[in-house]
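Reader: Hi! I'm new to reading protein models. Could you walk me through this one?

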Amino acid sequence: MAKDQNITTKDIENNTVFFLYGEERYLIDKAVEDIISHYVDDSFIDFNLDKLSEENISPELLSNSLYSMPVMSQHRVCFISTIDKMSVQIYQSLELFLSKDIDSTILIVTANKPDMRKKFFKTLGKKGISIQFKPKSEKDLFAWVDSYIKSKNRNISKIAINIIISTVKGNIKSLKSEIDKILLFDNNEIIDENTVTSLLGVSKEFNIFKLQESVVSRDLKNSLKIADQMLKMKESKNDPIGINLYFSKLFTSAFMISSNARKRKVSIAVSARDLGFTNPWRDKDVIKCSENYTLSELSRSLKYFLECDIKLKSGYQDSFTSLIIMFEKVIKFSNNRNVEYLNYFNHLNSDSN
């Protein structure tokens with residue numbers, strides 16, 4: 001049986017084979033801990049738990065772990081990490097074990113990017129429960145950060161959560177590491193924007209949210225000033241490609257709202273609500289962007305983001321110049337149909353001829 005993202009107590013109780021894979025290592029590690037704690041008593045953990053990895057596994061050790069009887073318990077656990085890096089001999093040993101339906105051994109297998117086309121992984125999924133832990137969306141990360149901090153009997157402002165998510169690029173494991181540092185160094189009951197910007201080294205004036213406000217408000221001068229300062233700050237984790245992608249997503253959401261509003265002949269506010277953009281803090285700039293830019297302007301802006309992405313990744317232009325041109329086209333000239341799009345390709349073609 002295959003499912004996504006989480007494991008329940010019922011899943012643990014009703015299965016003896018667990019295949020956990022994906023990029024969210026923190027959630028995988030947490031699931032492994034839950035399974036082990038359910039089946040293995042701490043008093044007998046040295047006898048009833050084997051942890052095998054690429055560094056210490058062998059067909060002999062694996063067989064010994066799989067077929068040994070549990071001590072003073074009904075079950076023992078064999079945990080194998082990064083199975084996708086193992087040899088064919090290990091796969092064969094596990095396939096043989098899976099064919100015998102031995103319930104006294106709980107098998108936990110984890111992987112990063114397994115080739116699900118292979119027979120072994122298909123068999124593994126059929127014999128037990130298979131769970132993929134995909135990268136979380138920003139909405140899910142927001143909820144996770146809020147929940148995690150509350151589990152530590154602390155609170156955090158919405159602005160502070162968004163700064164953490166935008167600054168700490170990566171998965172939940174990376175977020176947890178940074179949040180634990182904040183909790184360690186700050187004793188206030190409520191973690192606010194000032195605390196986060198100070199501990200993470202983020203500028204309160206020159207960050208992605210201030211830039212977002214300026215672009216949405218069509219303030220070209222301030223937008224270029226903030227972008228310039230962000231790129232100059234050595235501690236800034238917002239690379240040019242990331243900044244361009246961020247605004248591409250923002251304008252895509254705004255385009256969806258505006259397009260839906262025109263199609264249904266309703267207001268931007270009604271359209272936003274229909275599409276689920278209901279968070280008063282997180283979605284306010286998306287809605288404002290839909291109001292300040294026409295549908296055709298939003299459409300042309302998406303082309304400018306694509307143009308900027310190609311320039312940044314191809315090295316055709318230095319990053320700052322690419323961003324300046326992109327913001328200028330979006331804020332000042334997105335209503336001008338005569339502004340060229342990807343015109344430098346024509347120059348390249350003419351030069352080659």
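Author: Happy to! One term to start with: contact means heavy atoms within 4.5 Å. Also, keep in mind that this is a predicted model.

Reader: Thanks! So which residues is Phe-247 in contact with, leaving aside its neighbours within four places in sequence?

Author: Phe-247 touches Ile-208, Leu-211, Gln-212, Val-215, Phe-305 and Phe-327.

Reader: And how many residues does the largest nonpolar core have?

Author: That core has 79 residues. Phe-247 is listed with those making the most contacts inside it, along with Leu-20, Ile-108, Leu-211, Phe-251 and Phe-327. Another core, of 22 residues, lies apart from it, and its members include Ile-57, Tyr-91, Leu-107 and Val-109.

Reader: Cool. New topic: how is the protein chain divided into domains?

Author: Domain 1 covers 3-133, domain 2 covers 138-200 and domain 3 covers 208-351.

Reader: What separates the centres of domain 1 and domain 2?

Author: Taken over C-alpha atoms, their centres are 32 Å apart. Six residues from domain 1 and six residues from domain 2 take part in the contact.

Reader: How much area is buried between domain 1 and domain 2?

Author: About 480 Å², with carbon and sulfur atoms giving 64% of that.

Reader: How many salt bridges are there between domain 1 and domain 2?

Author: Zero! The side of domain 1 that touches domain 2 does have four charged residues, plus two nonpolar and no polar ones.

Conventions:
Residues numbered from 1 in each chain as written. Predicted model: local features only at pLDDT ≥ 70, side-chain atom pairs only at ≥ 80, totals over all residues. Heavy atoms only, no water. Core = buried A, V, L, I, M, F, W, Y, C linked by side-chain atoms within 4.5 Å. Buried < 20%, exposed > 50% of the residue type's maximum accessible area, 1.4 Å probe, protein only. Domains from an automatic or database assignment. Buried area = accessible area lost by both parts, 1.4 Å probe. Salt bridge = Lys/Arg side-chain N within 4 Å of Asp/Glu carboxyl O. Nonpolar A, V, L, I, M, F, W, Y, C, P; charged D, E, K, R; others polar.
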